[in-house]
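Student: I'd like to learn how to read helix packing. Could you walk me through it on an example?

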Amino acid sequence: MIRNVIFDFGAVLFEWNPLQIVNSFTVSQPERDILLHDVLQHSDWLSLDRGTMLLAEVIPKFSARTQIPSLRIEEFINHIQHSLTKIQQTETLFYQLTQQPYSLYYLTNMCSAFFDTLYEKHHFISFFDGGLVSGKELVMKPEQEIFLRLCERYQLTPQESLFIDDNYENIQIASGLGFNTIQFNQTQNCFQSIEKQLFMH
């Protein structure tokens, strides 16, 4: 029986589309390529998510490597934060679940600064029963450690928990640890399979 529902944030509760983020920031194709490959897809971005580097440290590094001025990189970082808009249908699902006897948690790879901004901006995050942010934990998905830490901190049993994430690798690890899982995409089918698991008892 499922007692807990665990949500990823990026591309599940909030829009996360790196290509769209870059394209809506600049019309310059060379700049788009650099921001995508040398910022968003660079290992420094992972360090940011992991919490081993802070925005203040990473901005000058990005700037030095890409030859894009620090202020422009800062503008881009702000643009990214504004691009993390709510996925309305998932938010609706979340509110429906708050009316059900489930405990709700989040498990997200995100730097602390981004999470704090989202938390201030979106009231519904405070309705979660708890959760882990990689940037605060110094460990990230798909490493087993972050899943085990979530279970330990909130006394969760994987077999009683449904984990919803868009990333195949994260889903694989979670399944291997005994979680019920749904690989998320923004389709009617996906929402129906979540509802089937959670509302059809």
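Tutor: Let's take two helix pairs in turn, bearing in mind that this is a predicted model.

Student: Okay, at what angle do the axes of helix α4 and helix α5 cross?

Tutor: Roughly 120°, and the axes come within 9 Å. Here α4 covers residues 55-66 and α5 covers residues 70-83.

Student: And why is α4 called oblique to α5?

Tutor: Angles of 65 to 115 degrees count as roughly perpendicular and those over 145 as roughly antiparallel, with oblique for what falls outside the named ranges. The α4 and α5 axes cross at roughly 120°, so α4 is oblique to α5. As for handedness, their crossing is right-handed.

Student: Which residues make that contact?

Tutor: From α4 you have L55, I59, P60, F62, S63 and T66, and α5 brings S70, I73, E74 and I77. Sorted by class, the α4 contact with α5 has six nonpolar residues, three polar ones and one charged.

Student: Now the other pair. How far apart are the axes of α2 and α4?

Tutor: They are 10 Å apart, with helix α2 (residues 29-40) packing on α4 at an angle of about 130°. That pair is therefore oblique as well, and α2 passes α4 in a right-handed crossing.

Student: Which residues of α2 and α4 meet?

Tutor: On the α2 side look for I34, D38 and V39; on the α4 side, F62, R65 and T66. This contact of α2 with α4 divides into three nonpolar residues, one polar and two charged. Notice F62 and T66: both are in the α4 contact with α5, and both meet α2.

Notes:
Residues are numbered from 1 along each chain as its sequence is written. This is a predicted model: local features need pLDDT of at least 70, side-chain atom pairs count only at pLDDT 80 or more; totals for chains, interfaces and linings use all residues. Side-chain values use heavy atoms; hydrogens and water are left out. Axes are lines fitted to C-alpha atoms, for helices over the stretch in contact, and angles run from 0 to 180 degrees between N-to-C directions. Helices (H or I, at least four residues) and strands (E, at least two) are DSSP runs, numbered from the N terminus. Angles under 35 degrees count as roughly parallel, over 145 as roughly antiparallel, 65 to 115 as roughly perpendicular and the rest as oblique. A crossing is left-handed if the near helix is turned anticlockwise from the far one by less than a right angle, and right-handed if clockwise. Contact means heavy atoms within 4.5 Å. Ala, Val, Leu, Ile, Met, Phe, Trp, Tyr, Cys and Pro count as nonpolar, Asp, Glu, Lys and Arg as charged, and the others, Gly among them, as polar.
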